[in-house]
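Me: Before I rely on any label attached to this model, I would like to go through the labels one at a time and hear what each of them rests on.

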Amino acid sequence: MNNLFNKKILLIICGGISAYKSLELIRVLKKRNVQVKTILTKSAKEFVTPLSVTSLSQEKVYYDIFSVENESEMDHISLSRWADLIVVAPATANTISKLSSGMSNDLASTVILASNKDIYLAPAMNVRMWEHASTKENLFKLKNYGYKIIGPEIGDMACGEFGKGKMAEVNEIIKQIEIYFNNKTKNQKFKALVTAGPTLEYIDPVRFITNKSSGKQGYEIAKSFRDNGFDTTLISGQTNLDPVTGVNFIKVNTAEEMFNETINNLPADVAVFSAAVADYKVKNYNSKKIKKKENLNLILEKNIDILAHVSKHNYLRPKLTIGFAAETNDLVENSLTKLEEKNCDWIVANDVSDTSIGFNSDNNQVSIFYKNKTNETLDKMSKSLVATELVNRVITKLN
Ligand code: PMT
C-alpha cells in the first residue's frame, strides 16, 4: 500500500552540490502520488534550475519572499500551513546556522520559522564543516527544538574529501518519510492521557497551597503524542502556558478535580502522570477569607493518589501506565519504590534539586525505570526532546 498517497510535502532545496539529488527526490515522491511544492533558496538556484524543479514537481516553484505574484497566490504562511510535512534537502551548514538562531531573511527560513509542521533536515556539507563545533551546536539546538535529522552519510565528497557529510540517499529520505506517516496512521487507534502542571489546594476562597510546576514537561508530552497521531487528552493544572491545540484540553484546579477528570477520560492505551499533584489538601478549609491573626493552624490531610488509584484499578488501568518521580535525593531508590508501590510500568525520574532541570526549566534530564528492573538515563535535553524520546519508547512498546 502506498502510504504516501496524496500527502503534501513542502521541499526546501538549499544551495549545495547535493541539490541534484533533490530532483530525484521530487521524481520519486511524484511517482508515489505525493503533492510536492518546492522552495529554492537563492544559492540553490545556482545548482538546480527552477525549470527542472517545476517540470518534475508539476507545480510552481517558490523562491522570492517579496514576489507579489507568489504572495497573492499562496503567501508564505499558507505555504507552511498547506504542507503535511516539510523536508529541507539538502540542508546546508548556512541554513542550519540560520534556523538555529531563528533567522528569517529569505522565503525558506521565513516559512520554516512560521511553520507549525514537523520538519526533517537532510544535512549535506563538507566533512570539516560537519565536524565544526558551531555546526554541532546548531544541530543540537535544532534537535532540541524538535527538528528531525536524516543523515548525513559517510563517503567520498564532491570536494574530493572523504568523511561524514554526504546527503542521505533518496531511498533513505523516502524511508524516513514513510515511517513518519506510517506512525501517524498506526497510532490513530491509540488513546493517550497526560496530566501536567501543579494542583491548587485551597485554604480559603483566595489562598491556596501549590508548587513550582510550570506544566512545560507535560504539555510537551501531550504535543508529542498529538504529533504522532494519538487521540490525546491533556489534563492540566493552572499554568501560564497556552492551551495545547489538537488535543482534548481540560483545565483543573485541585487534585480532586484532576482525579475526577482523569477517571472521566479513561480508558486509554497509555497514561503519563507528569503532574505535580499536591500530596495534601487542607482539612479545615475556610469558606470565608481568613482574617489576619497571630497564628494560623492548618490541618492537612492526604489527597487521593491519582496515579496509584488508576494503576491499581481493575479495568481503568491503561496498558502502559507511566508515572513521574520528582526527587531531591536518593533518586534511584525512591523511584524504584514508586515504581513498585504505585504499580507503574515505567517511572520517569528527575532530580528537582537542580534548578537547570526539573521544575519550570526548559530542559530536563530524566532516568527511566522499567518494571522489568532495567533502566536508562538520558542526556540533559529540552523538555520537548525528552517528550519525543519518551513517546518514541511508548510507540515501540504499544506496537
Ligand atoms: O511542570 P514542569 O515545570 O515542566 O516540571 C516538570 C516536573 C518536575 C513537575 C515533572 O517532570 C515531574 O517530575 N512530575 C511529577 C511531580 C510529582 O508530583 O512527583 P512525585 O514524585 O511527588 O509523584 C510521583 C507520581 O505520582 C507522579 O507521577 C505524580 O503525578 C503522581 N501523583 C502524586 C501524588 C498524587 N496525589 N497523585 C499522583 O498522581
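Reply: The model is a predicted one. A strand here is a DSSP run of E with at least two residues, numbered from the N terminus, and a residue belongs to the shell if one of its heavy atoms lies within 4 Å of the ligand. With those terms, strand 17 is the element that gives the most to the shell around the ligand, with four residues.

Me: What makes up the shell around the ligand, by class and by closest residues?

Reply: The ligand is surrounded by 29 residues, and the closest are Ser214, Phe273, Lys338, Asn350 and Asn360. By class the shell holds 13 nonpolar, ten polar and six charged residues.

Me: Why is the approach of Asn350 to the ligand called a polar contact?

Reply: The cut-off for a pair of N or O atoms is 3.5 Å, and a polar side-chain atom of Asn350 lies 2.5 Å from an oxygen atom of the ligand, so the pair meets the definition. The backbone also takes part, since a backbone N or O atom of Leu307 lies 2.8 Å from a ligand oxygen, and for Lys216 the corresponding distance is 3.3 Å, so these pairs also satisfy the limit of 3.5 Å.

Me: How much of the ligand does the protein cover, and which pocket holds the ligand?

Reply: On its own the ligand has 770 Å² of accessible area, of which the protein covers 96%. The ligand sits in the second largest pocket, a statement that requires more than half of its atoms to lie within 2 Å of the grid points of that pocket. The elements giving two or more residues to the shell are helix 10 (216-227), helix 12 (306-311) and strand 17 (320-327).

Me: How many aromatic pairs are found in the whole structure, and why is the pair of Tyr120 and Tyr180 called edge-to-face?

Reply: The search finds seven aromatic pairs. Tyr120 and Tyr180 have ring centres 5.8 Å apart and planes at 90°; rings pair within 6.5 Å and count as edge-to-face over 60 degrees, so both conditions are fulfilled. Because Tyr120 lies in strand 5 and Tyr180 in helix 9, the pair ties together parts that are 60 residues apart in sequence.

Me: Which residues are joined by cis peptide bonds, and what are the omega values?

Reply: One cis bond joins Ala89 and Pro90, with omega about -5°, and Pro90 lies in strand 4 (residues 85-91). Another joins Leu266 and Pro267, with omega about 10°, and Pro267 lies in the loop between helix 11 and strand 14.

Definitions and conventions: Residues are numbered from 1 along each chain as its sequence is written. This is a predicted model: local features need pLDDT of at least 70, side-chain atom pairs count only at pLDDT 80 or more; totals for chains, interfaces and linings use all residues. Side-chain values use heavy atoms; hydrogens and water are left out. A polar contact is a pair of N or O atoms within 3.5 Å; within protein, one must be able to donate a hydrogen and the other to accept it, and residues adjacent in sequence count only if both atoms are side-chain atoms. Accessible areas come from the Shrake-Rupley method with a 1.4 Å probe; for residues, only the protein chains shown count as cover. On a 1 Å grid over the protein atoms alone, a cavity is a set of points where a 1.4 Å probe fits but cannot get out, and a pocket is an open set with protein on both sides within 12 Å along at least five of seven lines; lining residues have an atom within 4 Å of a point. Ala, Val, Leu, Ile, Met, Phe, Trp, Tyr, Cys and Pro count as nonpolar, Asp, Glu, Lys and Arg as charged, and the others, Gly among them, as polar. Rings of Phe, Tyr and Trp (its six-membered ring) pair if their centres lie within 6.5 Å; planes under 30 degrees apart count as stacked, over 60 as edge-to-face and the rest as tilted.
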